[in-house]
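Reader: I would like a close look at a single part of this protein, the sheet and whatever packs on it. Could you take me through that part with some care?

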Amino acid sequence: MSAGPSQDVTVTGGSGGTTARLDDMRARADVLSARAEEFERVLVALARAEADPAVLALAASPVTGAALEVACARFFTRAAGAGVRIRGIATALRGCADAYESADALIAASLAVALDTAANVAGHGVRTVVFHPVTMVVVGNAAVQGLVVATGVVHVWSAAKEAGVFDHIEQVTGIDVEEVAEHGAEAVLGVLADGAVWAAQQAGEHSDLTGAAMEHVVPGFVAGFLGVPPGLVFTPADWGAIPRDSQTLTGFVLAGLSPFGFFGGQTLMPHPQHRPPVDVHVVEEWTGRGRAGAGGADGAHAPGSVRALWERQWAQSRGRDNGRVRVEQVAGADGRRRHIVYVPATTRNTLRAGRETTDHTTNLETASGRRSAQHEVVRTAIEEAGVDPDDEVMLVGYSQGGLVAASLLADEEFRQRVNVTTVFTVGAPVSDFAPPDGVDMLSIEHEQDLVPDLDGARNEDTAEWTTLTVDLDEAEQREALAQKGWSEERIDAAFDGPVYAHGGELYDNTVTDLEEGGHPELTQWQERNSRFFDDPLRSTHSFEGARP
């Protein structure tokens, strides 16, 4: 897989992002204002000097003095105008930055209102049609007739089979009726499955539309179908009882499916201080003797690059039934202790809350803004690994790990206890959890990956949050996998999945490509956070959590 220029990478945020450029405009405006003020002070000093009789006395003659006065007057008039113009440029720069932000916010708000209202009205309309007496009679009649027909078909099929009709047909024509029926059913199910895969892939390909649907259309439609007037959706108060965005809609899914045994015991509005019960235990530790394990070529050192950081992160969930939270203590060259905390990805594709904490229950709980069992695993791991409040911490997460890591920063209590200064996420839906001031965050996502779009929005464009969105080249990805020894059948199977672009192997190719190509934003992020790289490790601890 070739590096760098072959990739189509969209950069959002960071030093070259819109917010950073607007901040630069305001900073330059401040510089211009300061220069104008300094210039005006110089003019005042010159004017005082020019009015000094001693200066006028230096003129050789009255004519020369008069000429000097005229020249000075012209200079001061033009210079005073220059100061005003400089201040005007500064004011215009600030005005442009403010106008851009205001216009951008107005457009976004207007689009949100339009989508929410239209979806809400559609939901009301569908509810009216569905529960209209005529509709209920028609649908009920069709359901009864369908049940009668299905029952008749089953009865006729069973009777024909018992009477030996199928055997006679096979003897005369050579056609196995049961096999034909089985193949037909498989073909129908195959078409439905292919359609579902295609729909999921298209949703990932068109992330902007998917995001708008997840954040506005679906919640608005559900609210309308439940009979919620549009006005309540736009009220400032947030009771959590109205599906108004992707977060609250996820809460509805949790609460709605909980009575049927999915996602554990969930309520629509959980207590804000609730912490899910979880048992956390150490599964591996190293305290300075021997090798640190699972750390690349030299496990006794911090990662030497972003790719090495990614490799250690991926190792915490790859091929495991339950992911591990790994805490590395880095001995900084400046004498300070730092820690890298790796938060694992999803390892269990189940909708029922089991003992393993890296499952879909954690995904939905975290995405809805609730505290999940995995939150408690990370908290406990940080406590037991001996992380002090003054120690700098980097959080690293892929998929669920990135979601959990970013959401922890939204918890004021966690931030008071843990000094997180750096975050690195890969393929994670983190747009609802923008990093607070002072946290330098880098996110890598695939344009075709549906998972980062599930939170319904794009990552914010801020100076401290850099997002690299990579448009996958399937041919190059296939070539890279082939170079890793993958068979053609295995490669085809990987690209046939509905969320193929979320695969760790593809993200491994992407991170490698970005690093080998020397992508400037990746390089700059590593340089800004170089204190976490290369230095020796003092200890490592790996933890697993289990629900009781």
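Author: Two strands are taken as paired here if DSSP finds at least two bridges between them. On that basis this model, which is a predicted one, has nine strands that form an open sheet in the order 1-8-7-6-5-4-3-9-2, with mixed pairing. Strand 1 (8–13) and strand 2 (279–286) stand at the edges, and because each has a single partner strand, one side of each is left without a neighbour in the sheet. From one strand to the next, the twist averages 20°.

Within this order, strand 7 (residues 440–446) and strand 8 (residues 465–471) run parallel and are joined by six bridges; as one residue-level example, L442 has T466 in strand 8 as its bridge partner. Helix 18 (residues 520–528) packs on the sheet, where it touches strand 1, strand 5 (392–398), strand 6 (419–426), strand 7 and strand 8, and the direction of this helix makes about 150° with that of strand 7.

Another helix to look at is helix 12 (residues 373–384), which lies across strand 2, strand 3 (325–331), strand 4 (337–343) and strand 9 (537–546), and which runs at about 30° to strand 3.

Turning from the sheet to the surface, V126, V130, F131, M136 and F221 form a nonpolar patch, and together these residues have about 420 Å² of accessible area. Of these, F221 has its place in helix 7 (residues 207–225), and F221 counts as partly exposed because its relative accessible area is 31%, a value that lies between the cut-offs of 20% for buried and 50% for exposed.

Definitions and conventions: Residues numbered from 1 in each chain as written. Predicted model: local features only at pLDDT ≥ 70, side-chain atom pairs only at ≥ 80, totals over all residues. Heavy atoms only, no water. Patch = residues over 30% accessible without salt bridge, like charges linked within 9 Å, V, L, I, M, F, W, Y side chains within 5 Å. Areas by Shrake-Rupley, 256 points an atom, 1.4 Å probe, with all protein chains shown as cover. Salt bridge = Lys/Arg side-chain N within 4 Å of Asp/Glu carboxyl O. Helix = DSSP H or I, 4+ residues; strand = E, 2+ residues; numbered from the N terminus. Buried < 20%, exposed > 50% of the residue type's maximum accessible area, 1.4 Å probe, protein only. Axes fitted to C-alpha atoms, helices over the stretch in contact; angles between N-to-C directions. Contact = heavy atoms within 4.5 Å.
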